[in-house]
Amino acid sequence: MNQDTTAYDALIEFLHQAPIGLLQTALDGEITMINPMAASLLMPLAPDGNLVNLFDVLAPFAPGLLDRAAAHDRPGETICDMLQVTLPAIAAHGTLACTLGVRLLMLDASTLMATVTDMTQAVAQQQQQLAAKLRDMSRTDSLTAMPNRAVVLERITHALARARTEPQWQFAVLFINGDRFNRINATLGQAVGDELLRLMAGRLARLVRPGDALGRPAPVELTAARLSGDEFVVVMEGLGTAQDIHGVAQRLIDSLSRPYVIREHQVHLSASMGVVLGTQASGDADSVLQDASLAMRESKRAGGARYSLFEPAMKERAARNGSVESDLRQALAQGELFVAYQPIIGLAGGACLGVEALVRWRHPVRGTVPPIEFIEIAERTGLIGALGNFVLNQACREFVLWKRLLGARAPRAMSVNVSRAQLTDPTLTDQVSQALRGSGMEATELQLEITESLAAQDESVQQRLHELKALGVTLALDDFGTGYSSLACLHQLPVDVVKIDRSFVSQVETSHHHRVLVEATIMVARSLGMGTVAEGIETEAQATILTRLQCDKGQGYLFAKPLAADDMTRWLRERDAAQQRRTQLEPA
Ligand code: C2E
Ligand code: MG
Ligand code: MG
């Protein structure tokens, strides 16, 4: 008995002290036993201090407990597992918000047992973990799992602040963009595009890992991130000297430009980069990124696959381009564009065999603007379609007019430049046949000049070239020797004429190397049945050499500069008269 009493006391003491709330109730929830911890935890739920029936106390948070209890009758059965009850903070009572966990089970046929625990801390911890996960997600790019723009801005902000207090401490922001990435999406599909982005991200991530291939000194901290699309950024904090950046930039470009293998395709993609050095950085993190992207665009303009260091003058240039863009829209609408024509001369006989249409812009303030200043902007902004169509129609109409006006003295062919962006437009072939029909010009009288031989790798462009050839127009490869075109792949292109670039023609007198190249080009073109035109002939000596090398035709200031239509008409008449005088003077 004594022993029992001791054990009973100990049990009571244990229940009394237990750091968990314990209750016993009848089947209707009436409390029959409650320990101090349960009383203190549940008290805030019973503002009148009346802890009589557990179900009544919990009713506002968990209605229907009575019914749930009635549905159970086997001892040990759980009626509800960890019911979470959140109590709001009540300033008047000095209580803080807290969460209770209530568990209810059948003890025997007439008794229920409940446990009440304070889950406030566990819930807070859970919420913190969730918030951290959300924060991570908001700082991670979902496609590549790289840090995203938010992290980049944070790193740059940090670097700007540190550089202000430690002038010796250097940093750099490298803005990277794939060259012609859209072409991959368009030709191989978005899934391949996405995979390519992941592979690029992988290469960048490997390069910026500590002890990496960039061979940086230990204190440099590198963050590689993806901003959007095919835009990536690397932030370098703690550069040794500004000189270090050159090696790093080149290594990044080299690594990104190695071929990628994606689902049996070998994909080639070079990368362009713009670099802002901490010493050139101004404004906030956002404007540093903008400057880096501006420098990246300069790299693209220079042909891609290179890096450029940002300099403030780039901003002025960009502002000028911005105004060109809006002015150009107006120019098209208000008829400020016109076409100039440059004769193409048969080198053997001296006759004017054709003319090339070259667009010009009569700018109300700047005077006549050459195409080099606006064609690229027109391509980038999608205005090239309308611009190209305007030139095409104008040139075809002018050509037919000359035929009517000059008869046999009229040029026999009209060349019109077509940019790469136009070649990807599926409506181009229709536009060309409409221009021919509208003007009454024969397809064989029209020659289209294309520059980009990379076009040959692009299936949709290949298809367009074949469609155009099927119309009956001829194709010329413009600026041969400057781009990716090479003699070895000339036969793969469906072109009829090769135009040798001025940079070769201008050195044909002075450089043996250039003369050999020009000669080889003429020979290969001839063997493939293609005609040849030398561009930019400025001297008699150049004309003589090219004639001797058996180049078919020539074009250049020696014969005539590009002329407005009326001047061209006059030129054609005068040239014909001069030719005739010469024939009359020649001894019979
Ligand atoms: P391109 O098609 O190679 O045209 C030849 C360029 O060389 C013309 O420059 C012409 O004025 C210039 N040129 C001709 N002979 C000589 C010479 O003896 N010496 C020198 N220094 N230059 C000479 P332009 O008119 O400024 O055109 C530049 C480029 O703009 C063209 O190069 C062509 O690629 C593009 N372009 C012109 N008009 C159009 C057009 O309507 N559409 C498209 N897509 N591009 C055009
Ligand atoms: Mg041309
Ligand atoms: Mg050219």
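**Two magnesium sites and an open sheet**

Trainee: How are the donor residues of the magnesium ion (ligand 2) spaced in sequence?
Mentor: Keep in mind that this model is predicted. Four kinds of position matter here, namely Glu356 (OE), Asn417 (OD1), Glu449 (OE) and Asp478 (OD). Read in sequence, the donor residues of the magnesium ion (ligand 2) give E-x60-N-x31-E-x28-D.

Trainee: At what distances do the protein donors of the magnesium ion (ligand 2) lie?
Mentor: The donors come from Glu356, Asn417, Glu449 and Asp478. Asparagine 417 sits in strand 16 (residues 413-417) and glutamate 449 in strand 17 (residues 446-450), 32 residues apart, and this pair links distant parts of the chain. The protein donors lie from the ion at 2.0 to 2.3 Å.

Trainee: Is asparagine 417 buried or partly exposed?
Mentor: Buried needs a relative accessible area under 20%, and exposed needs over 50%. Glutamate 449, at 1%, counts as buried. Asparagine 417 has 29% relative accessibility, so the label is partly exposed.

Trainee: What spacing do the donors of the magnesium ion (ligand 3) follow?
Mentor: This ion is coordinated by Asp478 (OD), Asp479 (OD) and Glu535 (OE), with Glu535 (OE) listed twice, at 1.9 to 2.6 Å. Aspartate 478 is in strand 18 (residues 474-480), and glutamate 535 is in the loop between strand 20 (531-534) and helix 19 (540-548), 57 residues apart. Along the chain the spacing is D-D-x55-E.

Trainee: Which residue coordinates both the magnesium ion (ligand 2) and the magnesium ion (ligand 3)?
Mentor: The two ions are 4.1 Å apart. Asp478 (OD) is among the donors of ligand 2, and Asp478 (OD) is also among those of ligand 3. The bridging residue is aspartate 478.

Trainee: What is the relative accessible area of aspartate 478?
Mentor: Take glutamate 535 beforehand: this residue is buried, at 11%. Aspartate 478 falls under the 20% cut-off too, so the residue counts as buried. Its relative accessible area is 5%.

Trainee: Which strands are the edge strands of the open sheet of five strands?
Mentor: The strand order is 2-1-5-4-3, with antiparallel pairing. The twist averages 20° from one strand to the next. An edge strand pairs on one side only, which here gives strand 2 (31-34) and strand 3 (78-87).

Trainee: What is the bridge partner of threonine 25 in strand 2?
Mentor: Strands of a sheet pair through backbone hydrogen bonds. Strand 1 (residues 21-26) and strand 2 run antiparallel, joined by three bridges. In strand 2, the partner of threonine 25 is isoleucine 31.

Methods. Residues numbered from 1 in each chain as written. Chains lettered and ligands numbered in written order. Predicted model: local features only at pLDDT ≥ 70, side-chain atom pairs only at ≥ 80, totals over all residues. Heavy atoms only, no water. Donors = N, O, S within 2.8 Å, 3.2 Å for Na, K, Ca; no water. Helix = DSSP H or I, 4+ residues; strand = E, 2+ residues; numbered from the N terminus. Buried < 20%, exposed > 50% of the residue type's maximum accessible area, 1.4 Å probe, protein only. Pairing = 2+ DSSP bridges. Axes fitted to C-alpha atoms, helices over the stretch in contact; angles between N-to-C directions.
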